[in-house]
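Please open the model in your viewer and keep the sequence panel beside it, since the tour below moves from the whole chain to single residues. At each stop there is something to select and a short account of what is found there.

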Amino acid sequence: MKKPNRPAIPRKTVYRLSLYLRCLARLKDNNIQTVSSETLAKVAGVKPTQLRKDLTYFGQFGTRGLGYDVAALSQMISDELGTTSLQPVILVALAISGWRSFLIGGLKKKAFEIIAAFDIDPNRPRDKEINLPILGMEELPEFVQNHHVKMAIVTVPAVAAQEVANSLVQCGVMGILNFAPIVLHVPEDVMVNNVNLAIELENLSYFIQQ
């Protein structure tokens with residue numbers, strides 16, 4: 001998926017743009033108005049040549065000898081990522097209590113808001129009060145359409161994940177953040193980002209071996 005009349009940005013570059021945006025936010029919080037490519041790259045943990053290459057997708061930007069205007073660059077990246085306005089997100093989950101605090105805590109002050117959760121048994125007993133509408137899966141199509149939802153977070157068991165993904169796609173959801181340990185099969189115009197804790201721990205295990 002790419003915006004009209006704009007070159008497609010590689011997935012890894014999009015990820016780094018998100019990193020740059022967070023670094024720029026910290027600079028703004030400290031009232032820093034300009035930043036060099038070397039400094040921004042160091043804060044983001046990338047090479048200056050990589051940062052400058054990533055920012056070429058915005059055309060010629062920055063002033064030689066002065067660097068980048070922090071506010072302007074932050075705005076340009078936000079525009080490209082589509083995070084200048086609040087976007088509604090839904091959660092399809094098992095054990096919503098735990099996932100709610102984990103996910104919503106990470107979304108504070110960001111451009112995303114989880115507006116509802118869906119469960120095959122929305123009335124099941126829960127150990128914590130959830131200040132979020134918990135709806136049955138049969139309510140998914142109407143809710144997604146009425147609230148113009150394009151993104152969803154899936155934290156169901158692997159055996160149910162593909163069926164949930166199929167339902168989301170049929171409703172018009174275009175982006176899925178998948179925590180289930182399974183590869184989801186979706187149409188080419190639907191984007192899936194997988195968060196597999198086992199793979200991440202295996203990766204860490206390799207690097208900590210003595």
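A residue counts as buried when its relative accessible area is under 20%, and as exposed when that area is over 50%. With that cut-off in mind, start with the whole chain of this predicted model, in which 34% of the 210 residues count as buried. Colouring by secondary structure should bring out eight helices and eight strands. If you then display the surface, its accessible area comes to about 13400 Å², and carbon and sulfur atoms account for 55% of that area. Among the contacts with a separation of 6 or more, 59% are made by residues that stand 24 or more positions apart in the chain.

Next, select Phe-118 and Phe-143 and show their side chains, for these two residues form the one aromatic pair that the structure holds. Their rings are arranged edge-to-face, with 5.5 Å from centre to centre and 75° between the planes. The pair links distant parts of the chain, as Phe-118 belongs to strand 4 (residues 112–119) while Phe-143 sits in helix 6 (residues 140–146), 25 residues apart. Are the two partners buried or exposed? Phe-118 is buried, because its relative accessible area is 0%, and Phe-143 also counts as buried, because its value of 12% lies under the 20% limit.

From helix 6, follow the chain into the loop that leads to strand 6 (151–155) and select His-148, which is placed there. The phi of His-148 is near 55°, a positive value in a residue other than glycine. Such a value deserves a second look, because most residues other than glycine have a negative phi. His-148 is exposed, with a relative accessible area of 62%.

Now move to the loop between helix 1 (11–29) and strand 1 (34–35), and select Asn-31. Here too the residue is not glycine and phi is positive, with a value near 60°. Asn-31 is exposed, since its relative accessible area of 67% is over the 50% limit.

For the last stop, select Tyr-206, Phe-207 and Ile-208 with the surface displayed, and you will find a nonpolar surface patch of about 410 Å² made by these three residues. Which helix holds Ile-208? Ile-208 lies in helix 8, which covers residues 197–208. With a relative accessible area of 60%, Ile-208 is exposed, in contrast to Phe-118, which is buried at 0%.

Terms used. Residues numbered from 1 in each chain as written. Predicted model: local features only at pLDDT ≥ 70, side-chain atom pairs only at ≥ 80, totals over all residues. Heavy atoms only, no water. Helix = DSSP H or I, 4+ residues; strand = E, 2+ residues; numbered from the N terminus. Buried < 20%, exposed > 50% of the residue type's maximum accessible area, 1.4 Å probe, protein only. Contact = heavy atoms within 4.5 Å. Areas by Shrake-Rupley, 256 points an atom, 1.4 Å probe, with all protein chains shown as cover. Phe/Tyr/Trp six-rings, centres within 6.5 Å; stacked < 30°, edge-to-face > 60°. Patch = residues over 30% accessible without salt bridge, like charges linked within 9 Å, V, L, I, M, F, W, Y side chains within 5 Å. Salt bridge = Lys/Arg side-chain N within 4 Å of Asp/Glu carboxyl O.
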